[in-house]
Amino acid sequence: RLGKRANDASGLWHFLLVTACDTSGRALPCAPRHNAAMTKRQRRLWLFVLVPLVLLVAAVLALRVWVGSADLRERVAREAGAALGVPVQVEALEFAVWPLPALALRGVVVQTRPALSVARIEARPAWSALLAGRVQLATLVVRDAQLPQAGIDSLLAVLSKKKRGNESPRGPQPENAESLPPLPQRVVARGLTWTDARGRALTLDADARLDADALPDSVSARI
């Protein structure tokens, strides 16, 4: 019975739609025309949403492929080594999307004696500055770093020697602000382990916010 009533209701609804037209064959302002307008509007809405979404996903995938290329990874390692005066190894270069878009370096090793190593470094840009055409780091996240004091002293000695070699006969020249690397507004360390000269290790989490002169404005740490 229920099936028969449903068929009868469906037939009645079809009859009303068919008879809702005049003798000239033009549809009266009734449901079919309204549904067609709604369908076209919905298609436009879906296109408006889906097209930018597809383009964004394609751009992210292309960026991840480019960032993960071996050529770019080797170039980053080479330029970092030239800046520090010590060979640098980078295991992988990634474009991270979560929790925030960032350029990530994985397996970074500065070949001092002993070596300084960081499991992961994430550089998160300041998007407002990036949209304005300026490169500025909002946050630098350092995860699981192993920093022996002997390696730090070795790196500082190399940098000092490199600086003396670059000085002109007229004495040290002020550095051009444009040649300096962009400094982050915030530095976050997670699982940073420092080892003193006697081999005693100290592991901490730290969060530092820097002012315009790259000096600590606020620092919090937990051992």
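In which strand is Asp207 found? Asp207 sits in strand S6, which covers residues 201–210. The views below come from a predicted model.

**View 1. Overall layout of the predicted model.**
The protein holds five helices and seven strands. From the N terminus, the order of elements is α-α-α-β-β-β-α-β-α-β-β-β. The protein has 223 residues, and 22% of them count as buried. Its exposed surface comes to about 16,500 Å². Carbon and sulfur atoms supply 62% of that area. Take the contacts between residues at least 6 apart in sequence: 40% of them join residues at least 24 apart.

**View 2. The largest nonpolar core.**
This core has 18 residues. Leu105, Val108 and Val118 have the most contacts inside it. Six elements are listed as each supplying at least two core residues:
- helix H3 (70–84)
- strand S1 (88–96)
- strand S2 (102–110)
- strand S3 (116–125)
- strand S4 (137–148)
- strand S5 (186–195)

In soluble globular proteins, nonpolar side chains tend to be buried together.

**View 3. Surroundings of Val108.**
Val108 is among the residues with the most contacts inside the largest nonpolar core. Which residues does Val108 contact, leaving aside its neighbours within four places in sequence? Val88 and Gln89 are two of them. Leu116, Ser117, Val118 and Ile121 complete the set. Val118, like Val108, is named among the core residues with the most contacts.

**View 4. Asp207 and its polar partner.**
Is Asp207 buried or exposed? Asp207 counts as buried because its relative accessible area is 17%, under the 20% cut-off. Its side chain makes a polar contact with the side chain of Arg186, at 2.6 Å. Residues up to four places away in sequence are not counted in the list that follows. Asp207 touches Arg186, Val187 and Val188. Asp207 also touches Ser218, Val219 and Ser220.

**View 5. The salt bridge between Glu94 and Arg106.**
The side chains of Glu94 and Arg106 meet in a salt bridge, 2.9 Å from N to O. Glu94 lies in strand S1 and Arg106 in strand S2, so the pair ties together parts that are 12 residues apart in sequence. Glu94 is partly exposed, with a relative accessible area of 25%. Arg106 is also partly exposed, at 30% relative accessibility.

**View 6. A network of salt bridges.**
Which residues are linked in the network? The acidic members are Glu91, Glu94 and Glu122. The arginines are Arg106, Arg120, Arg124 and Arg143. Within this view, Arg120 forms a salt bridge with Glu122. Their closest N and O atoms are 2.8 Å apart. Arg120 and Glu122 are both buried. For the model, the salt bridge count comes to 10.

**View 7. The salt bridge between Asp205 and Arg222.**
Asp205 forms a salt bridge with Arg222, and the closest N and O atoms are 3.2 Å apart. The pair links distant parts of the chain, 17 residues apart. Asp205 is in strand S6, and Arg222 is in strand S7 (residues 216–222). Asp205 counts as partly exposed, at 21% relative accessibility. Arg222, with a relative accessible area of 59%, is exposed.

**View 8. A nonpolar surface patch.**
Trp194, Leu202 and Ile223 make a nonpolar patch on the surface. The patch covers about 300 Å². Leu202 is found in strand S6. Why does Leu202 count as partly exposed? Leu202 has a relative accessible area of 32%, so it falls between the 20% and 50% cut-offs.

**View 9. Two backbone details.**
The peptide bond from Arg113 to Pro114 is cis. Its omega is near -5°. Pro114 lies in the loop between S2 and S3. Turn next to Asp144, in strand S4. Its phi is near 55°. That is a positive value in a residue other than glycine. Asp144 counts as partly exposed, at 46% relative accessibility.

Methods:
Residues are numbered from 1 along each chain as its sequence is written. This is a predicted model: local features need pLDDT of at least 70, side-chain atom pairs count only at pLDDT 80 or more; totals for chains, interfaces and linings use all residues. Side-chain values use heavy atoms; hydrogens and water are left out. A nonpolar core is a set of buried Ala, Val, Leu, Ile, Met, Phe, Trp, Tyr and Cys residues joined through side-chain atoms within 4.5 Å. Buried means under 20% relative accessible area, exposed over 50%, partly exposed in between (1.4 Å probe, protein chains only). Helices (H or I, at least four residues) and strands (E, at least two) are DSSP runs, numbered from the N terminus. Contact means heavy atoms within 4.5 Å. A polar contact is a pair of N or O atoms within 3.5 Å; within protein, one must be able to donate a hydrogen and the other to accept it, and residues adjacent in sequence count only if both atoms are side-chain atoms. Patches are made of residues with over 30% relative accessible area and no salt bridge: like charges are joined within 9 Å, nonpolar side chains (Val, Leu, Ile, Met, Phe, Trp, Tyr) within 5 Å. Accessible areas come from the Shrake-Rupley method with a 1.4 Å probe; for residues, only the protein chains shown count as cover. A salt bridge is a side-chain nitrogen of Lys or Arg within 4 Å of a carboxyl oxygen of Asp or Glu.
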